[in-house]
Amino acid sequence: MRITVTVNGQPYARDVEPRLLLVHFLRDELGLTGTHWGCDTSNCGVCTVHLDGVPVKSCTVLAVMADGHEVTTVEGLERDGELDGELDAVQKGFVECHGLQCGFCTPGMLLTARWLLDRDPDPDEARIREAISGQLCRCTGYENIVRSIRWAAEARLNGARPATEAKQ
Amino acid sequence: MQVPATFAYERARSVAHALELLERYGPEARVVAGGHSLIPMMKLRLAQPEALIDINDLAGELGRIAVEGDELAIGALVRHAELLESTTATNIFPIFRDAERVIADPIVRNRGTVGGSLCQGDPSEDLSAVFTALRATAVIQGPGGTRTVPVRRFHRGPYETAVEPNELLVQLRVPITPGTGSAYAKVERRVGDWPVAAAGAVITVRDGVIERAGIGLTAVGAAHFCAPEAEEHLAGRPPGEEAFAAAGRIAAERCEPHGDQRGPADYKRHLAAELTRRALVAAAGRI
């Protein structure tokens, strides 16, 4: 069936089977491979994208369910970059605080982090850990991911460079 | 790669339209909302519906949480995250906050729905125990109109509910009684997992004695998620450790847990007693 999904601000019309999952629509139909495809069972969270501004696991959403709706993927984050119009603050935080190693979980983590900070600009560590509790990282032990998200929060709160530098 | 079998997809424009579509496609059609139980089952080919009726656009009709008279009404399409964040619901019944905080994870809670959780009919599902403890009523709409079924008679067995193929669960209604406290206690292997065991407790105290108790148990083989003998034991007694511990023991004796990868049966039975006791203590502290 014919669907039109607005992805990162741009409408895309495609003919798809109803059984096509949103994650495969993004990756295979639109070539947006920043959204990763992991466990396929809505456990790992690497496929997390925003659907109408709310993070969802795109391996458990049908592409046809997104017809007429707005999707934001990691490719859409930098468009609204806050610090210098390039990367989003959460992306910068992951760069500054070594928030990734292999990078597989990173797109999903970034989108959840963005959503968290939009709702709570100054989350404490417990709140950050709860927010990312539906996403698995097998490299970092989460420490640097939490620091990265705090960095992004402080960047916005201070309006400039965060007071807390990355720890080794 | 997990791919569902083929199916027809229809998006309902209203509850009436959803019912029309269910009538048209017959018993092999399934309603989909959050899809976080149904789509994984379809990917594993454990479910192969011929048609999906998507009701995600019906938030106007099915997405409300409101106090109506002496009842709290919760629409079937309310997302887990919305129930967790609803102070209307959680101020009156903190059991919703207890339970929703430990259902899946925040991202899944953004999508999964209250009605979907009940209609899935999973014998380890959390809200089934919560609504059982609360003595809620399910409102079901079909071609002939609306009917109500107590949640305690909603589940006919694993993955089977009172909702007929041409019907739609539209709302849960929870009686509000002054002097009531509620709580939920769950043991899970890791964050976001299904329970090893969990218990919900709701007690109403008047003149120093328990007027009515509601106990819901999940994942431990309690018939209809319910512990009626334990509830009867509490009625008329003063709230306190002794009565709560006895109720926990009675509830555990009457359930029939099965050993599986989440734990052996005797451990689950122990949890049924202890979690019932803890939920009752917490509920009493919230009156």
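1. Start with a strand pair in chain A. A:T48 has A:K57 as its bridge partner in β4(A). The two strands, β3(A) and β4(A), are antiparallel and share four bridges. They form a hairpin, with two residues between them. In that turn, A:D52 has a positive phi of about 50°. Keep in mind that this is a predicted model.

2. Now look to the other partner of β3(A). Strand β3 (residues 48-51) of chain A also pairs with strand β5 (residues 70-72) of chain A, again in the antiparallel sense, over two bridges. A:H50 has A:T72 as its bridge partner in β5(A). A:L51 stands opposite A:V71 in β5(A).

3. Which residues of β3(A) are buried on one side, and which on the other? A:T48 and A:H50 lie on one side, A:V49 and A:L51 on the other, and all are buried. Both faces of the strand are therefore covered. The general rule helps here: in a regular strand, side chains alternate between the two faces of the sheet.

4. Step back to the whole sheet. This open sheet of chain A has five strands in the order β2-β1-β5-β3-β4, with mixed pairing. Its edge strands are β2 (10-15) and β4 (54-57) of chain A, and each pairs on one side only. From one strand to the next, the twist averages 40°. Helix α3 (residues 106-119) of chain A packs on the sheet and touches β3 and β4 of chain A. The direction of this helix makes about 40° with that of β3(A). As a reminder, strands of a sheet pair through backbone hydrogen bonds, either parallel or antiparallel.

5. Helix α5 (residues 143-158) of chain A has 16 residues. From first C-alpha to last it reaches 22 Å, close to the 22 Å expected at 1.5 Å a residue. Its buried residues include A:I145, A:V146, A:I149 and A:W151. Polar and charged names are on the list too, among them A:N144, A:R147 and A:R150. The buried residues pack against α2 (89-96), α3 and α4 (125-131) of chain A. After the helix comes A:G159, whose phi is positive, near 70°.

6. Chain B has an open sheet of three strands, ordered β11-β12-β13, with antiparallel pairing. β11 (180-188) and β13 of chain B stand at the edges with a single partner strand each, so one side of each has no neighbour in the sheet. Neighbouring strands are turned by 15° against each other on average, direction ignored. Nine bridges join strand β12 (residues 195-206) of chain B to β13(B), and the two run antiparallel. Within this pair, B:T204 stands opposite B:R212 in β13(B). α12(B) packs on the sheet and touches β11, β12 and β13 of chain B. The direction of α12(B) makes about 35° with that of β12(B).

7. What span should helix α11 (residues 241-254) of chain B have? It has 14 residues, so at 1.5 Å a residue it should span 20 Å. Its end C-alpha atoms are 20 Å apart, which agrees. In α11(B), the buried residues include B:F244, B:I250 and B:A251. Their cover includes β13 (209-218), α10 (228-234) and α12 (265-284) of chain B.

8. The largest nonpolar core has 141 residues. B:L217, B:A251 and B:A272 touch the most other members. Not counting residues up to four places away in sequence, B:A272 touches B:L217 and B:A251 themselves, and its other contacts include B:V220, B:C255 and B:P257.

9. Is B:N56 buried or exposed? B:N56 is buried, because 20 other C-beta atoms lie within 10 Å, and 20 or more is the cut-off. The residue is found in the loop between β3 (51-54) and α3 (59-62) of chain B. B:N56 touches A:M65 and B:A33, not counting residues up to four places away in sequence. Its C-alpha atom is 34 Å from that of B:T180, with the two positions 124 residues apart along the chain counted as their separation.

10. Finally, the contact between the chains. It takes 22 residues from chain B and 22 residues from chain A. On the chain B side, the elements giving two or more residues are β1 (8-11), α2 (38-43) and α7 (106-109) of chain B. That side divides into 11 nonpolar, seven polar and four charged residues.

Technical notes:
Residues are numbered from 1 along each chain as its sequence is written. Chains are lettered from A and ligands numbered from 1 in the order in which they are written. This is a predicted model: local features need pLDDT of at least 70, side-chain atom pairs count only at pLDDT 80 or more; totals for chains, interfaces and linings use all residues. Two residues are in contact if their C-beta atoms, placed from the backbone, lie within 7 Å. A nonpolar core is a set of buried Ala, Val, Leu, Ile, Met, Phe, Trp, Tyr and Cys residues joined through C-beta atoms within 7 Å. A residue is buried if 20 or more other C-beta atoms lie within 10 Å of its own, exposed if 12 or fewer, and partly exposed in between; C-beta atoms are placed from the backbone. Two strands pair if DSSP finds at least two bridges between them. Axes are lines fitted to C-alpha atoms, for helices over the stretch in contact, and angles run from 0 to 180 degrees between N-to-C directions. The expected span of a helix is 1.5 Å times one less than its number of residues.
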